[in-house]
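Biologist: I would like to learn how to read a structure feature by feature. Could we begin with a helix and how its residues are placed?

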Amino acid sequence: MAASAGPEIERLISLLAKLPGMGPRSARRAALALLKRREQLLVPLAASLAETAEKVSNCSVCAAPDTRNPCAICSDTSRDNALICVVEEAGALWAMERSGAFRGKYHVLGGLLSALDGVGPEQIRVGELIGRAKAGEAKEVVLALPATVDGQTTAHYLAEKLASAGVEVTSLARGVPVGGELDWLDDGTIIQALRARRPA
């Protein structure tokens, strides 16, 4: 198929199409929106991307992206060092932070164990987590991993590995969401909710 725009525009579209949730058509629309609003969107976005690429790196402690190392959360002395929340990626960390309910530290694995995809413990940050748990400051490790096959496989593996570290290993409760109606829930969610029931 012949290119419908210059090589620079086609490259922009091609790069945008690699973003999650963006296909070729969405990328083309996004590129057009950026080009139409060059001064308001394109130029500031390009500057922000360049600055982010230059200044942001992964925290040497938890692996969350930040402009400083250790990151703002790991450097915050008001947070509870005895609690480590394990998440798959930084997006889950940001979701936990939005809630404001967790005041401990984090550990970003950088993925999940997956035999089908060839991802083993060496490809994600398992060794670093075990090292942090055995260092002595942590008392509880909260596994905040997805309720998927890979997420549960990873959680089970981590629970086994952390058993010798002298820390309590917990996982997030699963079940009926706030505002959820039973007739809209899948069977797995209802089963988990029943298993995790507590006194009213």
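Modeller: This is a predicted model, and helix α6 (residues 126-134) is a good place to begin. Its buried residues are Val126, Leu129, Ile130, Arg132 and Ala133.

Biologist: How large an arc do these buried residues cover around the axis of α6?

Modeller: An arc of only 160 degrees, which puts them on the same side of α6. On the other side of the helix, Gly127 and Lys134 are exposed.

Biologist: What covers the buried residues of α6?

Modeller: The cover includes β3, β4 and α7. Just after α6 comes Gly136, with a positive phi of about 110 degrees.

Biologist: Let us turn to the strands. In what order do they lie in the sheet?

Modeller: To read a sheet, list its strands from one edge to the other. Here the order is β4-β3-β5-β6, in an open sheet of 4 strands with parallel pairing. The strands at the edges are β4 and β6 (168-171); each has a single partner strand, so one side of each is left without a neighbour in the sheet. On average, neighbouring strands are turned by 25 degrees against each other, direction ignored.

Biologist: How many bridges join β3 to β4, and how many join β3 to β5?

Modeller: Strand β3 (residues 80-87) pairs with strand β4 (residues 104-108) over 5 bridges, in the parallel sense. Along this pair, Ile84 stands opposite Lys105 of β4, and Val87 stands opposite Val108 of β4. With strand β5 (residues 140-143), β3 pairs over 4 bridges, also in the parallel sense. There, Leu83 has Glu140 of β5 as its bridge partner.

Biologist: Which helix belongs to the β-α-β unit with β3 and β4?

Modeller: Helix α5 (residues 90-99) does, and the unit is right-handed. This helix packs on the sheet and touches β3 and β4, its direction making about 160 degrees with that of β4. Another helix to look at is α7 (residues 149-162), which lies across β3, β5 and β6 and runs at about 170 degrees to β5.

Biologist: Now the cysteines. What is a disulfide, and how many does the search find?

Modeller: A disulfide is a covalent bond between the sulfur atoms of two cysteines. A search of the whole structure finds 0 of them.

Biologist: Why is Cys59 not bonded to Cys74?

Modeller: The reasoning needs a cut-off: a pair of cysteine sulfur atoms counts as a disulfide within 2.5 Å. The closest cysteine sulfur to that of Cys59 belongs to Cys74 and is 3.8 Å away, too far for a bond. Likewise, Cys71 is in no disulfide, and the nearest cysteine sulfur, that of Cys62, is 3.7 Å from its own.

Biologist: Are Cys59 and Cys71 buried or exposed?

Modeller: Cys59 is buried, with a relative accessible area of 4%. Cys71 is buried too, at 3%.

Biologist: For contrast, is Arg195 buried or exposed, and in which helix does Arg195 lie?

Modeller: Arg195 is exposed, with a relative accessible area of 65%. This residue lies in helix α8 (residues 187-195). Its C-alpha atom is separated by 44 Å from that of Pro24, and the two residues are 171 residues apart along the chain.

Note on methods
Residues are numbered from 1 along each chain as its sequence is written. This is a predicted model: local features need pLDDT of at least 70, side-chain atom pairs count only at pLDDT 80 or more; totals for chains, interfaces and linings use all residues. Side-chain values use heavy atoms; hydrogens and water are left out. Two strands pair if DSSP finds at least two bridges between them. Helices (H or I, at least four residues) and strands (E, at least two) are DSSP runs, numbered from the N terminus. A crossover is right-handed if, with the strands pointing away from the viewer, the path from the first strand over the helix to the second runs clockwise. Buried means under 20% relative accessible area, exposed over 50%, partly exposed in between (1.4 Å probe, protein chains only). Axes are lines fitted to C-alpha atoms, for helices over the stretch in contact, and angles run from 0 to 180 degrees between N-to-C directions. Contact means heavy atoms within 4.5 Å. The arc is that of the directions from the helix axis to the C-beta atoms.
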